[in-house]
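Work through the exercises below with the structure in view. Try each task before reading its solution.

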Amino acid sequence: MTEAGLHSIYKGIAGYYTDKVTKFGTTAFGADWTCVATQEMRFVQLLKLCDFTAPFALNDLGCGYGALLGLLDRRRGTCTVDYLGIDVSAAMVRHARRRWRGHSHARFVTGHGSPRIAEYSVASGVFNVRLEQPPEAWAAFIAATLDQLASTSSRGFTVNFVEAPPHGAPVPSGLYTTEPERWAEYCAGRFDAEVAVIDGYGLPEFTLL
C-alpha cells in the first residue's frame, strides 16, 4: 500500500475516534467500547504478554484516553512500567494528557507509530472498525501496523481482533473480522516469532501474543 493510501486510512480513523471522544468523553463509549467490564477484559488478555517481575517499557498503540493505565496500575504491583500512549487522534491525546497529568510514568504522543523501542507493545481494538475501506486496503493497513509494532518491540507485542462469525452469519457493516490463523501465521512467518492465540474469554474475539 502507498503512503498516501495509509495516510487516508489514518485520517479516517482519527476522525472517527475524535468524534467518539468529543461526544462521550473519557468513557468506554468515548473509545467505542460497550462498557468498562469488556474493555478491561481485553486489557487482561493483552497484559498476559508482560513479565511484571522486572521494570519494562510499554508502548500502547491506539491508546485512546489511556484507559489501559488504570488496569495496569492495579496489576503491576511494585513493578515500574514506563508507559507511552500513541494515538492518531490529537483530541484523544489531549484527553489522555489531562486525565493522567499527575502520573509519573506515563506520557502520550500523537501519531500512527511509536517513536521509540520498548520491551512490549500492545494494540487494543485498532483493527476492528474498518469504516468504508475495501477489505484489501484494510488488510494492508493491518500488515503495516504489525510490521511497525514488531520493529518497535524488543521482546514482543500483542493485538486483538474480532473473530469471523460462523459461515453465512451476517457481519456488521464496517467491522473487520478474521480467523486467528491468518494473522498468527503472518506474524510467525514474517517476524520469525512464537505466536500464542488466546480466545474463549467470553467475547467474540481473540488476542494474538
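Buried residues (under 20% relative accessible area with a 1.4 Å probe, protein chains only; exposed is over 50%, partly exposed in between) make up 50% of the 209 residues in the protein chain. This is a predicted model, in which local features need pLDDT of at least 70, side-chain atom pairs count only at pLDDT 80 or more, and totals for chains, interfaces and linings use all residues. Residues are numbered from 1 along each chain as its sequence is written, and side-chain values use heavy atoms, with hydrogens and water left out.

**Exercise 1. Describe the fold and the dimensions of the protein chain.**

Start with the elements. Helices (H or I, at least four residues) and strands (E, at least two) are DSSP runs, numbered from the N terminus. The protein chain has 6 helices and 8 strands. Read from the N terminus, their order is α-α-β-α-β-α-β-β-α-β-β-α-β-β. Next, take the radius of gyration, computed over C-alpha atoms; the globule rule is 2.2 Å times the number of residues to the power 0.38. The radius is 16 Å, close to the 17 Å that the rule gives for 209 residues, so the protein chain is as compact as a globular protein of that length. Finally, the C-alpha trace spans about 45 × 40 × 35 Å along its principal axes.

**Exercise 2. Place Asn 128 and list what it touches.**

First, locate it. Asn 128 sits in the loop between β4 (118-123) and α5 (135-151). Second, check its cover. Asn 128 is buried because its relative accessibility is 7%. Third, look for contacts (heavy atoms within 4.5 Å). Setting aside residues up to four places away in sequence, Asn 128 touches Trp 33, Asn 160, Phe 161, Val 162, Gly 174, Leu 175 and Tyr 176.

**Exercise 3. Do the same for Val 129.**

Val 129 also belongs to the loop between β4 and α5. Its relative accessible area is 15%, so Val 129 is buried. Beyond its neighbours within four places in sequence, Val 129 contacts Tyr 16, Tyr 17, Asp 32, Trp 138 and Gly 174. Now take a distance. Ser 89 is 40 residues from Val 129 along the chain, and their C-alpha atoms are 15 Å apart.

**Exercise 4. Count the disulfides, then examine Cys 35 and Cys 50.**

Apply the rule: a disulfide is a pair of cysteine sulfur atoms within 2.5 Å. The count is 0. Cys 50 is in no disulfide, and its nearest cysteine sulfur, that of Cys 79, is 8.7 Å away. Cys 50 is buried because its relative accessible area is 10%. Cys 35 has 29% relative accessibility, so Cys 35 counts as partly exposed.
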